[in-house]
Amino acid sequence: MSALLFYILGFIMLAATLLCITRRNPVHAVIYLVASFFALAIMFYLLGAPLVAAFEVIVYAGAIMVLFLFIIMMLGLAPQETPEGPGWKRWGPLVLLSSSLMICTLMLIFQDPAASKEIGAFYLAPQAVGEALFGRYALAVEVISFQLLFATIGAYMLGKPLSKGDQ
Amino acid sequence: MENLVQIALQNVNMAAILPSLVLTCFGMGLLLINVFLPRGTTRHAVWISVIGLVVTGFFVYTGWGNPQYGFNDAVANDNYTAFFSVIFLFAAGLTILMSDDYLTREGYPVSEYYPLILFATAGAMWMASGTDMLTIFLGLEVMSIALYVLAGFFRGQLRSNEAGLKYFLLGAFSTGFLLYGIALIYGVTGSTKLTEIGIYLNAHGSLLENPMTLAGLVLLSTGFLFKIAAAPFHMWTPDVYEGAPTPVTAFMSAGPKAAAFAAFLRIMEYCFFSLKPEWTAMLWVIAVLTMVIGNVIAIQQTNLKRMLAYSSIAHAGYALVGLVAANEIGYSGILFYMLAYTFMNIGAFAVLVLAGKKGEDNLTLEGFSGFGLKRPFLGVAMTVFLFSLMGLPPTAGFAGKFYIFAGAVKAGYIWLAVIGVLNSAVSLYYYLRIMVYMYFRDAEEDYAWVSLPAAAVISIVIALIGVFYLGIIPGDVMEMAKMAIF
């Protein structure tokens with residue numbers, strides 16, 4: 001059953017991403033991208049990486065996409081005119097994709113736990129991820145934290161209001 | 001809680017990252033000091049950064065001949081790293097020395113500029129020292145993010161904004177390629193450690209024809225060739241180099257380019273040595289394309305910064321010849337050439353910085369009319385750097401090109417060496433044209449030339465010494481370059 005789910009999710013991801021890059025309205029595009037991220041999250045879960053799946057939902061579908069929406073609204077990029085045509089034409093694909101996503105999730109929840117090992121040859125516990133991060137990849141974590149520090153400084157440098165001396 | 005394991009850092013070996021550690025400490029200390037000083041004072045930042053670079057240089061020196069590995073084989077502080085670190089330190093130091101006066105002149109006396117250069121240098125050092133794809137990738141990101149900010153540093157200038165944004169978007173795009181390549185190679189071999197990948201690929205001969213391996217190799221190369229500014233991935237270079245503040249352009253053309261070469265060369269030699277016929281054939285085409293496109297388009301440029309941007313593309317092509325040769329002389333030739341290029345190119349940019357009129361840049365060919373007679377010191381310095389860029393003896397450029405082309409000939413790529421020499425001949429035209437304008441044209445008007453700040457003069461003098469030292473007695477440094485390669 002995992003194999004079946006894998007293909008369904010793959011199809012959902014492809015369709016959602018395609019719809020995302022072909023939408024005129026940026027808000028619609030972002031919503032499709034969220035659908036694609038959810039499908040990716042479930043796929044990670046199928047592969048035996050629940051922590052990555054949770055991150056995918058919390059960080060990508062949650063935080064980053066909310067930021068996208070926020071910026072689109074702040075910059076006023078969403079088209080102002082009222083949309084034409086029946087509503088199902090605009091929202092039909094999304095409803096279809098997200099309801100199939102929900103069915104996939106329900107199938108995962110109610111399936112036989114033993115069957116979940118079908119694709120995932122291993123199961124990566126959150127603890128193992130933490131140990132790897134602060135053990136084997138300690139240097140990488142330090143470099144990233146350092147990078148975040150000066151990326152903040154750089155963003156501040158470029159983003160602060162122009163003073164009178166600047167042209 | 002009973003299964004809570006003791007988490008300890010594994011294989012910590014601070015000696016393996018000592019130089020970059022010292023450098024980042026200086027950078028962060030400088031950030032802190034900046035907070036307590038009034039805005040607009042930058043002189044202290046210059047000297048603290050230079051001291052930081054010198055101290056780092058000392059630790060690089062102690063690391064020579066004393067290879068250190070650490071953090072689960074994530075970094076290696078070997079001779080190779082040390083040689084490239086010296087290149088990065090010179091690039092950063094010369095850039096910092098020429099920057100102070102320029103920033104004040106342009107109305108951006110912002111002391112955060114200097115820590116950003118130090119961080120970019122540290123990133124470059126991680127790239128050179130990385131023996132794990134992860135370290136190399138993170139080093140690249142550290143370096144690139146600092147450079148994105150630096151390219152757009154003149155926030156009030158549209159050109160600088162354009163340069164920053166363009167570099168950011170295209171850089172992010174190229175990083176995507178690189179990451180995809182790393183992911184595919186990881187998928188094939190199950191490791192991100194360079195040596196493990198190499199051993200695995202060598203042991204499983206059938207994988208060498210696996211499309212996934214080849215796609216990974218090509219994507220990985222694309223990512224690095226982008227940073228090197230090799231054709232056909234050079235499109236961003238002229239615009240970014242032209243728009244960025246001149247000292248930043250100088251740094252970008254030398255340090256990051258050398259860093260990309262360092263990581264590229266290490267990955268090719270460690271991971272893909274069993275695929276050598278494939279990637280040398282690929283790089284042969286790219287090297288020729290890069291040399292020809294860089295030199296031919298540079299002929300048409302009238303803006304000196306743009307011209308030097310195309311010339312830097314051409315020089316990336318010459319250095320790629322050493323990679324195609326894939327032998328001892330070729331590899332050590334790349335190391336030598338990158339050092340020589342750092343001196344001559346940053347020197348030329350330093351002269352451009354000082355050639356500015358008060359309040360505006362002076363970067364057109366016409367603006368250089370009579371420059372050599374009005375500013376004798378700068379004129380002579382520019383002449384030396386241009387001779388070196390052309391590759392004429394007794395300058396560093398000649399020795400560098402000699403070693404690289406010798407490597408190509410020794411490896412049997414006679415035609416590649418011939419094309420390289422022909423390209424050098426083409427490049428004579430646009431370099432000599434600058435000199436013709438400098439000495440044989442009368443100045444149309446009397447400019448209010450900027451005065452010569454001491455720091456920038458020191459930078460030019462160091463570059464001159466470097467160019468002559470490497471040009472007249474190249475043997476010593478070449479011996480060190482030979483000891484530095486694997």
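**Note on pockets, cavities and two local features**

1. By class, the second largest pocket has a lining of 20 nonpolar, two polar and one charged residues. The model is a predicted one. This pocket holds about 640 Å³ of space. Its lining is made of 23 residues, and those closest to the pocket centre are B:Gly57, B:Val86, B:Leu89, B:Phe90 and B:Phe343.

2. Which helices supply at least two residues each to the lining of the second largest pocket? They are α2 (43-63), α3 (79-106), α13 (328-354), α18 (454-472) and α19 (474-484), which belong to chain B. The largest share comes from α3(B), with eight residues.

3. The largest pocket has about 1,900 Å³ of space. Its lining counts 38 residues, and A:Val52, A:Val129, A:Leu133, A:Tyr137 and B:Leu134 lie nearest the centre. Sorted by class, the lining has 28 nonpolar, five polar and five charged residues.

4. Helices from chains A and B take part in lining the largest pocket. On the chain A side, α2 (26-46), α3 (50-75), α5 (126-134) and α6 (138-159) each supply at least two residues. On the chain B side, α5 (133-151) and α6 (158-189) do so. The most is given by α3(A), namely seven residues.

5. Where does the largest pocket lie with respect to the domains of chain A? Domain 1 (1-77) and domain 2 (125-158) both contribute residues to its lining, so the pocket lies between them. These two domains are what the domain assignment gives for chain A. Taken over C-alpha atoms, the centres of domain 1 and domain 2 of chain A are 24 Å apart.

6. Some general figures for chain A follow. Chain A has six helices and zero strands, and its pattern along the sequence reads α-α-α-α-α-α. Of its 167 residues, 31% are buried. Among contacts in chain A with a separation of 6 or more, 74% join residues 24 or more positions apart.

7. Enclosed space is a separate matter from the pockets. How many cavities of 30 Å³ or more are there? The count is three. The largest cavity has about 80 Å³ of space, and the second largest has about 60 Å³.

8. The largest cavity is lined by residues of chains A and B. From chain A come A:Arg136, A:Tyr137, A:Leu139, A:Ala140 and A:Val143. From chain B come B:Ala74, B:Trp126, B:Asp132, B:Leu134, B:Thr135 and B:Leu138. Two helices, α6 of chain A and α5 of chain B, each supply at least two of the lining residues. The classes are eight nonpolar, one polar and two charged. A:Tyr137 and B:Leu134 also appear among the residues nearest the centre of the largest pocket.

9. The second largest cavity is lined by B:Ala16, B:Ile17, B:Leu18, B:Pro19, B:Ser20, B:Asn77, B:Thr81, B:Ser85, B:Met125, B:Trp126 and B:Ser129. In chain B, α1 (18-36), α3 and α4 (113-129) give two or more residues each to this lining. By class there are six nonpolar, five polar and no charged residues. B:Trp126 is also found in the lining of the largest cavity.

10. Helix α7 of chain B (residues 194-203) shows how a helix can have a buried side. Its buried residues are B:Leu194, B:Ile197, B:Gly198 and B:Leu201. Viewed down the axis of α7(B), they fall within an arc of 100°, so they line one face of the helix. The general reason is that an α-helix has 3.6 residues a turn, so residues three or four places apart point the same way. On the face of α7(B) turned away from the buried side are the exposed residues B:Ile199 and B:Ala203. The cover over the buried residues of α7(B) includes α5, α6, α8 (211-228) and α10 (246-271) of chain B.

11. Is B:Ser99 buried or exposed? B:Ser99 sits in helix α3 of chain B. Its relative accessibility is 0%, and buried means under 20%, so B:Ser99 counts as buried. Apart from neighbours within four places in sequence, B:Ser99 is in contact with B:Tyr113, B:Tyr114 and B:Pro247. B:Thr246 is 147 residues away from B:Ser99 along the chain, while 8.6 Å separate their C-alpha atoms.

How values were computed. Residues are numbered from 1 along each chain as its sequence is written. Chains are lettered from A and ligands numbered from 1 in the order in which they are written. This is a predicted model: local features need pLDDT of at least 70, side-chain atom pairs count only at pLDDT 80 or more; totals for chains, interfaces and linings use all residues. Side-chain values use heavy atoms; hydrogens and water are left out. On a 1 Å grid over the protein atoms alone, a cavity is a set of points where a 1.4 Å probe fits but cannot get out, and a pocket is an open set with protein on both sides within 12 Å along at least five of seven lines; lining residues have an atom within 4 Å of a point. Grid points are joined across faces, edges and corners, and a volume is the space filled by probe spheres set on the points. Helices (H or I, at least four residues) and strands (E, at least two) are DSSP runs, numbered from the N terminus. Ala, Val, Leu, Ile, Met, Phe, Trp, Tyr, Cys and Pro count as nonpolar, Asp, Glu, Lys and Arg as charged, and the others, Gly among them, as polar. Domain bounds come from an automatic or database domain assignment. Buried means under 20% relative accessible area, exposed over 50%, partly exposed in between (1.4 Å probe, protein chains only). The arc is that of the directions from the helix axis to the C-beta atoms. Contact means heavy atoms within 4.5 Å.
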